[in-house]
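I opened this notebook to keep track of what I looked up in the structure, taking one topic at a time. The entries follow the order in which I went through them.

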Amino acid sequence: MSSAQSEKQTLFIASLIIFWYSSNIGVLLLNKLLLSNYGFSFPIFLTMCHMSACAVLSYVSIVFLKIVPFQRIKSRSQFLRIATLSIVFCGSVVGGNISLRYLPVSFNQAVGATTPFFTALFAYLITQKREAWITYGCLVPVVAGVVIASGGEPSFHLYGFIMCIGATAARAFKSVLQGVLLSNEGEKLNSMNLLLYMSPIAVLVLLPATLVMEPNVIDATITLAITHRYLVLLILINSIMAYGANLLNFLVTKHTSALTLQVLGNAKGAVAVVISILLFRNPVTFIGIAGYAMTVMGVVAYGESKRRIK
């Protein structure tokens, strides 16, 4: 590869990473802004907007723009497995959005960093997959950090915390379940095709849930839109960014190594925390920061131990 081509490739990957960070952190901060600051207290409807945008934009980008090859569902059992994943996926996203109504982004990210703990737990319970003791040992500071951060969090809210833990566990459960349900080589889907099929199923699940649990959402949105004239635009941008985050996650995974992705993922949480504190001015304590730092260090050690054992 010539130096000019190498420079172009480096610039392309750097641009992907910047857009990936921007879309992921942007969705998180916009969710918080809408659900807390704007008083738009409809996390299920907001998730449905995200899934609707993902369904439409996935179809356009795969069928028309051909970003990735279109993969067809080959059997009824494969469809049922994808539907199961979609329901778990719904639960994780809704739980995360509900938690943002009650918790600051910084604490939400601290709890979310415990995903490896739940992944290891579900991997053992579902597939009997065991890790080395040193790997399990690295998970101790991951959990201990969140316990410490919880004790030092001035804006701690029990219901928000339970929702956040539930969302984190559901996210980990989905990744383990995906490995089990779509293990057949002939039925494996790349993440963009999986999103294409999961999103419409998620909308069908979330629509009745919205009608039952958030029946006044349309009236309340119209009322809020009169007060906040950019509300509808923000929901639209937020929904498009939710799809963008998934697309860019796929592209970054494709163009970088697993280790690079892991390091970037850990750093992304820390960047989101710093930006959210600067933006929302939520109070933080030394104990809270120390707890979050311990969790992140545990996650880094866990990833490193898994890589070395492999």
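**Entry 1, salt bridges.** I began with Glu-131 and Lys-129, whose side chains meet in a salt bridge with an N to O distance of 3.8 Å. I kept in mind throughout that this is a predicted model. I then looked up how open Lys-129 is, and at 43% relative accessibility Lys-129 counts as partly exposed, because the partly exposed class runs between 20% and 50%.

Glu-131 has a further partner, since I also found a salt bridge between its side chain and that of Lys-306, at 3.4 Å from N to O. This pair links distant parts of the chain: Glu-131 sits in the loop between helix 5 (115-127) and helix 6 (133-151), Lys-306 belongs to helix 12 (residues 286-309), and 175 residues separate them. Lys-306 has a relative accessibility of 22%, so I noted Lys-306 as partly exposed. I therefore entered Lys-129, Glu-131 and Lys-306 under one heading, because a salt bridge requires a side-chain nitrogen within 4 Å of a carboxyl oxygen, and these three residues are linked in a network of such bridges.

Staying with helix 12, I looked up Arg-307, which forms a salt bridge with Glu-304, their closest N and O atoms being 2.8 Å apart. The two residues are three positions apart in helix 12, which means that about one helical turn separates Arg-307 from Glu-304. Both ends of this bridge are partly exposed, as Arg-307 has 43% relative accessibility and Glu-304 has 25%. The count for the model comes to four salt bridges.

**Entry 2, backbone angles in loops.** I next asked which residue in the loop between helix 5 and helix 6 I should enter here, and Gln-128 lies in that loop. Its phi is near 60 degrees, a positive value in a residue other than glycine. I noted this because most residues other than glycine have a negative phi. Gln-128 counts as exposed, at 52% relative accessibility.

I made a second note of this kind for Arg-281, which has a positive phi of about 55 degrees although it is not a glycine. Arg-281 is found in the loop between helix 11 (258-280) and helix 12, and with a relative accessible area of 67% it is exposed.

**Entry 3, helix packing.** How do helix 3 (residues 76-102) and helix 8 (residues 191-213) cross, and within what distance do their axes come? I found that the axes come within 8 Å and cross at roughly 65 degrees, which makes helix 3 roughly perpendicular to helix 8. The crossing of these two helices is right-handed.

For helix 1 (residues 3-37) and helix 4 (residues 105-112), I wrote down a packing angle of about 130 degrees, with the axes 11 Å apart. Helix 1 and helix 4 are therefore oblique to each other, and helix 1 passes helix 4 in a right-handed crossing.

**Entry 4, a nonpolar surface patch.** Finally I looked up a nonpolar patch on the surface, formed by Val-56, Tyr-59, Val-60, Phe-64, Leu-65 and Ile-67, which together have about 590 Å² of accessible area. I followed up one of its members, Val-60, whose place is in helix 2 (residues 43-64). Val-60 counts as partly exposed, because its relative accessibility is 33%.

Terms used
Residues are numbered from 1 along each chain as its sequence is written. This is a predicted model: local features need pLDDT of at least 70, side-chain atom pairs count only at pLDDT 80 or more; totals for chains, interfaces and linings use all residues. Side-chain values use heavy atoms; hydrogens and water are left out. Patches are made of residues with over 30% relative accessible area and no salt bridge: like charges are joined within 9 Å, nonpolar side chains (Val, Leu, Ile, Met, Phe, Trp, Tyr) within 5 Å. Accessible areas come from the Shrake-Rupley method with a 1.4 Å probe; for residues, only the protein chains shown count as cover. Helices (H or I, at least four residues) and strands (E, at least two) are DSSP runs, numbered from the N terminus. Buried means under 20% relative accessible area, exposed over 50%, partly exposed in between (1.4 Å probe, protein chains only). Axes are lines fitted to C-alpha atoms, for helices over the stretch in contact, and angles run from 0 to 180 degrees between N-to-C directions. Angles under 35 degrees count as roughly parallel, over 145 as roughly antiparallel, 65 to 115 as roughly perpendicular and the rest as oblique. A crossing is left-handed if the near helix is turned anticlockwise from the far one by less than a right angle, and right-handed if clockwise.
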